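Me: I'd like a close look at one part of this model, please. Pick the hairpin at the end of the chain and its final strand, and tell me how they fit into the rest.

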Amino acid sequence: MAIRSDLRDARGPLVEQLDAELALVTFIWIGDEGPVSVRTQLVPTEGVVISHPMSRVPGTDLWHLTVPAELG
């Protein structure tokens with residue numbers, strides 16, 4: 001599947017810039033084992049880095065999490 005190889009080749013999160021100050025960052029994981037989560041400081045918390053669960057695309061081994069990120 002071409003999409004899967006493109007995601008593996010990207011070797012990092014996908015970034016979609018919305019405007020000069022904001023982007024959406026999508027983390028991808030390919031694998032059957034789950035559940036899967038991401039530890040990131042991009043997700044607003046009270047100073048504590050916590051794990052954020054990823055969602056599985058039904059019927060696939062593709063997991064994803066999209067979070068907003070302030071640029072600058």
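Reply: Happy to. Let's start at the turn: five residues lie between the strands of the β5 and β6 hairpin, and within the hairpin G59 takes a positive phi near 80°. Most residues other than glycine have a negative phi. Strands here are DSSP runs of E with at least two residues, helices are runs of H or I with at least four, and both are numbered from the N terminus.

One note before going on: this is a predicted model, in which local features need pLDDT of at least 70 and side-chain atom pairs count only at pLDDT 80 or more, while totals for chains, interfaces and linings use all residues. Residues are numbered from 1 along each chain as its sequence is written, and side-chain values use heavy atoms, with hydrogens and water left out.

On one side of the hairpin is β5, which covers residues 55-56 and pairs with β6 in the antiparallel sense over two bridges. (Two strands count as paired if DSSP finds at least two bridges between them.) Within this pairing, S55 stands opposite H64 of β6.

Now turn to β6 itself, residues 62-70, where the side chains alternate. W63, L65, V67 and A69 point to one face and are buried, that is, under 20% relative accessible area with a 1.4 Å probe on protein chains only (exposed is over 50%, partly exposed in between). L62, H64, T66, P68 and E70 point to the other face and are not buried. H64, the residue opposite S55, is therefore among those on the face that is not buried.

What does β6 meet besides β5? Its other partner is β2, residues 22-30, which runs antiparallel to β6 and is joined to it by nine bridges. Two pairs help you find your way along this contact: F27 of β2 stands opposite L65, and T26 has T66 as its bridge partner in β6.

Stepping back, β6 belongs to an open sheet of four strands with antiparallel pairing, in the order β1-β2-β6-β5. Its edge strands are β1 (14-17) and β5, each of which pairs on one side only. At the β1 edge, β1 and β2 pair in the antiparallel sense over four bridges, and they form a hairpin with four residues between them. In this pairing, L14 stands opposite T26 of β2, and E16 has L24 as its bridge partner in β2. T26 thus has L14 opposite it in β1 and T66 as its partner in β6.

The buried face of β6 has company. The largest nonpolar core has nine residues, V25, F27, V36, V38, M54, W63, L65, V67 and A69; such a core is a set of buried Ala, Val, Leu, Ile, Met, Phe, Trp, Tyr and Cys residues joined through side-chain atoms within 4.5 Å. Both β2 and β6 supply at least two residues of this core, and β6 gives the most, with four. The opposing residues F27 and L65 are both members of the core.

After β2 comes the loop that leads to β3 (37-39), and P35 lies in this loop. The peptide bond from G34 to P35 is cis, with omega near 0°, whereas most peptide bonds are trans.

For the whole chain, the secondary structure comes to one helix and six strands, and the elements run α-β-β-β-β-β-β from the N terminus on. Buried residues make up 25% of the 72 residues.

Finally, how far to trust the picture: the chain averages a pLDDT (the predictor's confidence in each residue, from 0 to 100) of 82, and 82% of the residues score at least 70. Confidence is highest in β5, at a mean of 94, and lowest in α1, at 71. Where pLDDT is low, the predicted coordinates should not be read in detail.
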